[in-house]
Amino acid sequence: MNDIKQLLWNGELNVLVSIDPSFLMKGSPREIAVLRIRVPRETYLVNYMPFIWNKIKSFLSFDPLTDSEKYFWFEHNKTPIPWNYPVGVLFDCLAGKSATFTTSFENQVKDVLTFLRIHLVMGDSLPPTIIPIASSKTQAEKFWFHQWKQVCFILNGSSKAIMSLSVNEARKFWGSVITRNFQDFIEISNKISSSRPRHIPLIIQTSRTSGTFRISQPTISMTGVNPTLKDIEGDILDVKEGINGNDVMVICQGIEIPWHMLLYDLYSKLRSFDGFLYITLVPIKGGDKASSEL
């Protein structure tokens, strides 16, 4: 199983970051406003802000690290996107809404998005639900650790396992994400995980044709059972809108997942670096409700 996890850990995406002209001094070279970065699927976009600021610092029209009157965030096709989801999860959802799929997800992704294209923008106020990009170097670390506290509670019924980590272990845990040390990550995350979870930390994102994300976090009990995705179809899908499994593909870590997959097996193999299992629902062309409702 660790071989699968390491393949996911080593997975990377090409990210094209375009910088809004409002950040730059007049007369700045056009090429400075576009950055191409190779980014792991299992990290946050905001972890690359020091790199981005450093690349454009000589052309900035202000100091973003001290300006408290402006907010910064990412967009894709003029739609705000949250930095607080793993990069791979963002890619899966953005690829999903770029087309209605008729062939395999993997083949469509090659055609739809060569790069994860994002735009760094700023404004006097934030779009709804978007967490601002802060100048603090610990912003991502604090958010990520809070995610793991939630995961620990969902799995075990308490956060004792993660709160019992020593200071050095906690530093080592986050350090494994920054330095891409797979062995350290597995060592610490295994101390938090459970072979008999009470519930599965699950986040569902639906790729909507309007360009927005629909996020849900169903509570899936694992006490005495190990359901397949089909068994919990009603929890995964918005049955009130008449959506069923024939209307969507289930995507996790860029892979199309069959409905007969056992939930715990899926979690054990494909959970993300923040401890959550992210499932992206992608509309299938010709689905009864997919094109009209999602």
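Here are some friendly notes on this predicted model, taken point by point.

1. Overall make-up. The chain has eleven helices and ten strands. It runs to 294 residues, of which 51% count as buried. Taking the contacts between residues at least 6 apart in sequence, 72% join residues at least 24 apart.

2. Helix α1 against helix α8. A good place to begin is the packing of α1 (residues 2-10) on α8 (residues 182-192), where the axes are 11 Å apart and the angle is about 120°. That angle makes α1 oblique to α8. The crossing of these two helices is right-handed. On the α1 side, the contact is made by Asn 2, Lys 5, Gln 6 and Trp 9, and on the α8 side by Phe 182, Gln 183, Phe 185 and Ile 186. By residue type, this contact of α1 with α8 divides into four nonpolar, three polar and one charged.

3. Helix α7 against helix α8. Helix α8 also packs with α7 (residues 167-179), at an angle of about 125° and with the axes 8 Å apart. Again the description is oblique, this time for α7 relative to α8. The crossing of α7 and α8 is left-handed, whereas that of α1 and α8 is right-handed. From α7, the residues taking part are Glu 169, Lys 172, Phe 173, Ser 176 and Val 177. They meet Asp 184, Phe 185, Glu 187, Ile 188, Ser 189, Lys 191 and Ile 192 of α8. The contact of α7 with α8 divides into five nonpolar, two polar and five charged residues. Phe 185 is worth a look on screen: it is listed in the contact with α7 and also in the contact with α1.

4. An aromatic cluster. Which residues do ring pairs link into a cluster? They are Trp 9, Trp 144, Trp 148, Phe 173, Trp 174, Phe 182 and Phe 185. Several of these names have come up already: Trp 9, Phe 182 and Phe 185 belong to the contact of α1 with α8, and Phe 173 belongs to the contact of α7 with α8.

5. One aromatic pair in detail. A search of the whole structure finds 19 aromatic pairs. One of them is formed by Phe 23 and Phe 72, with 5.7 Å from centre to centre and 40° between the planes, so it is classed as tilted. Phe 23 sits in the loop between β1 (12-19) and β2 (34-40), while Phe 72 is in strand β3 (residues 71-76), so the pair ties together parts that are 49 residues apart in sequence. Both phenylalanines, Phe 23 and Phe 72, are buried.

6. Two residues to check for backbone angles. Most residues other than glycine have a negative phi. Lys 78 is not a glycine, yet its phi is positive, at about 70°. Lys 78 lies in the loop between β3 and β4 (79-81). Gln 253 likewise has a positive phi, near 55°, and is found in the loop between β8 (248-252) and β9 (255-257).

7. Buried or exposed? For Lys 78, the relative accessibility is 77%, so this residue counts as exposed. For Gln 253, the value is 12%, and because buried means under 20%, this residue counts as buried. The two positive-phi residues described here therefore sit in opposite settings, with Lys 78 exposed and Gln 253 buried.

Conventions:
Residues numbered from 1 in each chain as written. Predicted model: local features only at pLDDT ≥ 70, side-chain atom pairs only at ≥ 80, totals over all residues. Heavy atoms only, no water. Axes fitted to C-alpha atoms, helices over the stretch in contact; angles between N-to-C directions. Helix = DSSP H or I, 4+ residues; strand = E, 2+ residues; numbered from the N terminus. Parallel < 35°, antiparallel > 145°, perpendicular 65-115°, else oblique. Left-handed = near helix turned anticlockwise from the far one by under 90°. Contact = heavy atoms within 4.5 Å. Nonpolar A, V, L, I, M, F, W, Y, C, P; charged D, E, K, R; others polar. Phe/Tyr/Trp six-rings, centres within 6.5 Å; stacked < 30°, edge-to-face > 60°. Buried < 20%, exposed > 50% of the residue type's maximum accessible area, 1.4 Å probe, protein only.
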